[in-house]
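Notebook open, viewer running. I'm jotting things down as I look them up.

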Amino acid sequence: MPKTLFEKIWDAHLVATRIDGRELIYIDRHVLHELHAPHAFESLEKQGRPVRRPDLTFSMQDHTVSTRPGRTDTSNPDGAPFLRAMREGSRRNGIRVFDLGDPEQGISHVVAPELGMVLPGATHAVPDSHASTVGGLGALAFGCGTTELAHILATQVMALKRPKSMRIRLDGRLGAQVTAKDVALKIIAELGVAGGRGFVVEYAGSAVRAMPIEQRMTLCNLNIEMGGRSGFVGPDDATFAWLKGRPWTPQGAQWDQALAQWRKLKSDDDATFDQEHRLDCSSLEPQISWGTDPSQVVGISERVPDVANARASRRAAMESAYDYMGVAPGAPLVGLPVNRVFIGSCTNARLPDLEAAAAVVRGRRVADGVIAMVVPGSSSVKRQAEEKGLDRVFRDAGFAWGESGCSMCAGGNGDRGEPGERIVSTTNRNFENRQGPRVRTHLASPATAAAAAVTGCITDVRQLIAGQSLTGNA
Amino acid sequence: MQPFKSHTGIAVPLIKDDINTDQIAPVQAMRNLKPDYKQLLFMRARKRDDGSENPDFVLNKPQFRNPGILVTGQNFGAGSSRESAVWGMLANNIRVIVAKSFADIYRENCLQNGLLPIVLAPAEAGAFERRVIAANGATPFTVDLETQTISGPGGPDITFEIAAADRTRLLEGLDDIGLTLTHTEDIVAFEQEMAAAQPWLQTARDSRGS
């Protein structure tokens, strides 16, 4: 019977079916972070249960770490107990920690792929809803809670109900300054914040094939913002080329053997999906969120939607979003003054993201009164960016250049905006109060965020760049 | 896990769709490893900007200060996977959430903690909401998992559906890890087969030797 790639990976990892009907899915790689793992270590120890496979488990310090240069455990005092408990719990259980000061520390969803811990067709678990970021490499990843995390530590399996399968075909060529971030925001705007609930999503189509791996990760990262259980892109030659030589990948003859297996990782042509969607991306413009959930999104040239044209079920949320965001229905977003710009997070802080932002910033200055900050997704990304001189571009323009971590995405490390501030942010959630009490968050791509930083207002980055080239020609 | 058989309590109407975990349990409230889970539940909505209590928020109203059942809209628990968004409910003695639908990870976290997530069909959900609003905290409702019914003021008992396996797990308070560990032999066999077929999945090694 023809199968989807999701079904193939699932079936290849099915250990047994439990008496309660849940399927035990083997987890090939388990990546922890310090906000949740300490509680799981403690509960397992109380139960007297050991960690089954510490060798397949990795600990990252990312959610609560300070981003200040020269940081220590106590640079963010609230984070210190988490960092210590993570370090000690991991040591007691024989788990490798990517600690403060480790040259490869960073956000779990950035570090695991860049080190090659993520492999096509493998299963992953992270106690974080953005686990499926690594789906960009063709891995099947599940976010989980703290009790499930303890379960995986003790058993190396997750007890799951089989999700349904969805395919989203993305066709057409992306225009200039249009990225996976814009595509993902558009998809969420179309399908809604619960449109993916209960589904594992395979992203397919020519637009996905044309995306560099880092953008595929951005696409899969945002899958949870429409409620998706997991999301991935089937691996291809670009995937294999990206992975080759990364330190934790199989080497030598084993690489060749693995590659032969990975080439089979495709949905069968005649496989059926429970749901299919299609989006032509060729006319898509840069997108930006105007409201307080990631489906409240418009194209940069569009106006804040009018409640009168919306579905009845969405109206109350829209009215409340106008008020919270301080935007008026029918008003353009372009030109709204911003107080702060944040470029970072598991969504958009890989090297090409920083390069795209730097290309906009180069030769310009952060507008007066705007606070702008770049936080690389990992310490490796930070080092590579510095080798390319990107830190100089940002610093010379007036950006702060931080040490790696989750930073202002969830504000777990104390980085946040001041009440009432308007922020353009490359992160994943524009929920009320997430980036600080009463902070107004607009989600956008790194280039759009950079354009806001240098102009001091929400800006169509394409026009900013066009203005530059016109001046250049004059 | 604490078993769930039945629970009687005041039903609180928080009728809104897409309530996310940043609203239920803000990450900023998790300032130490053992935060006050009772206090962190809907922490922001409970307070005004000056730190004083917001009298308009439903859980601050006198009749809803000791809730037992939360009644809400679509896609409850969207967002982060943080389990504190469930622990905060339990710390407030809320052991049942009746929603039009739940976010996947949130629902899993409920089942892991003996918190009963109930989804009512749209027509029934509307009728139940009206009864909860009319009761206004004066008379409690009882949710019985054995009979799969909700009973209380304003109308007949309501029957709800739940997967048999989830029901058994909650009724018996099953130890989830213990249940899986009955399959230890299967796990060992799987690992051996995988080590032979795709050895790179069964070993994770830094090829630089560190």
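Before counting anything, I fix what "buried" means: a residue is buried if 20 or more other C-beta atoms lie within 10 Å of its own. I also note that this is a predicted model.

**Chain B, overall**

With that cut-off, I get 44% of the 210 residues in chain B as buried. I count ten helices and seven strands in chain B. Its C-alpha trace spans about 65 × 45 × 25 Å along the principal axes. I looked up the domain split too: domain 1 of chain B covers 6–174 and domain 2 covers 175–210. Their C-alpha centres lie 37 Å apart. For contacts in chain B with a separation of 6 or more, I find that 66% are between residues 24 or more positions apart.

**Where chain B meets chain A**

I find 48 residues of chain B in contact with 60 residues of chain A. On the chain B side, H5 (104–111), H7 (164–172), H8 (176–181), H9 and H10 (199–202) are helices that each supply at least two residues. Which helix gives the largest share of that side? I get H8(B), with five residues. Sorted by class, the side of chain B that touches chain A has 17 nonpolar, 17 polar and 14 charged residues.

**A small sheet in chain A**

Next I followed an open sheet of three strands in chain A, in the order E1-E2-E8, with antiparallel pairing. Strands E1 (14–17) and E8 (157–160) of chain A each have a single partner strand, so each of these edge strands has one side without a neighbour in the sheet. I get an average turn of 25 degrees between neighbouring strands of this sheet, direction ignored. Strand E2 (residues 23–26) of chain A is joined to E8(A) by four bridges, and I see A:Glu23 standing opposite A:Leu160 in E8(A). What packs on this sheet? I find helix H9 (residues 184–197) of chain B there, touching E1, E2 and E8 of chain A. The direction of H9(B) makes about 160 degrees with that of E1(A).

**Helix H12 of chain A**

I checked H12 (residues 351–361) of chain A for burial: eight of its eleven residues are buried, so the helix is largely enclosed by the rest of the structure. Among them I list A:Leu351, A:Asp353, A:Leu354 and A:Val361. A:Gly363 follows H12(A) and has a positive phi, near 80 degrees.

**The largest nonpolar core**

I find 200 residues in the largest nonpolar core, and those touching the most other members include A:Ala357, A:Ile188, B:Ile69 and B:Ile97. A:Ala357 is also one of the buried residues in H12(A). Helix H6 (residues 180–191) of chain A gives this core its largest share, eight residues. I then pulled the contacts of B:Ile69 beyond four places in sequence, which include B:Gly9, B:Val96, B:Phe141 and B:Val143.

**B:Gln148**

Last lookup: B:Gln148, in the loop between strand E5 (141–144) and strand E6 (149–151) of chain B. How many C-beta neighbours does B:Gln148 have inside 10 Å? I get 15, so B:Gln148 counts as partly exposed. Leaving out residues up to four places away in sequence, B:Gln148 touches B:Thr159, B:Phe160 and B:Ile162. I also took the C-alpha to C-alpha distance to B:Ala138, ten residues apart in sequence from B:Gln148, and got 23 Å.

Notes. Residues numbered from 1 in each chain as written. Chains lettered and ligands numbered in written order. Predicted model: local features only at pLDDT ≥ 70, side-chain atom pairs only at ≥ 80, totals over all residues. Domains from an automatic or database assignment. Pairing = 2+ DSSP bridges. Axes fitted to C-alpha atoms, helices over the stretch in contact; angles between N-to-C directions. Contact = placed C-beta atoms within 7 Å. Buried ≥ 20, exposed ≤ 12 C-beta atoms within 10 Å, placed from the backbone. Nonpolar A, V, L, I, M, F, W, Y, C, P; charged D, E, K, R; others polar. Core = buried A, V, L, I, M, F, W, Y, C linked by C-beta atoms within 7 Å.
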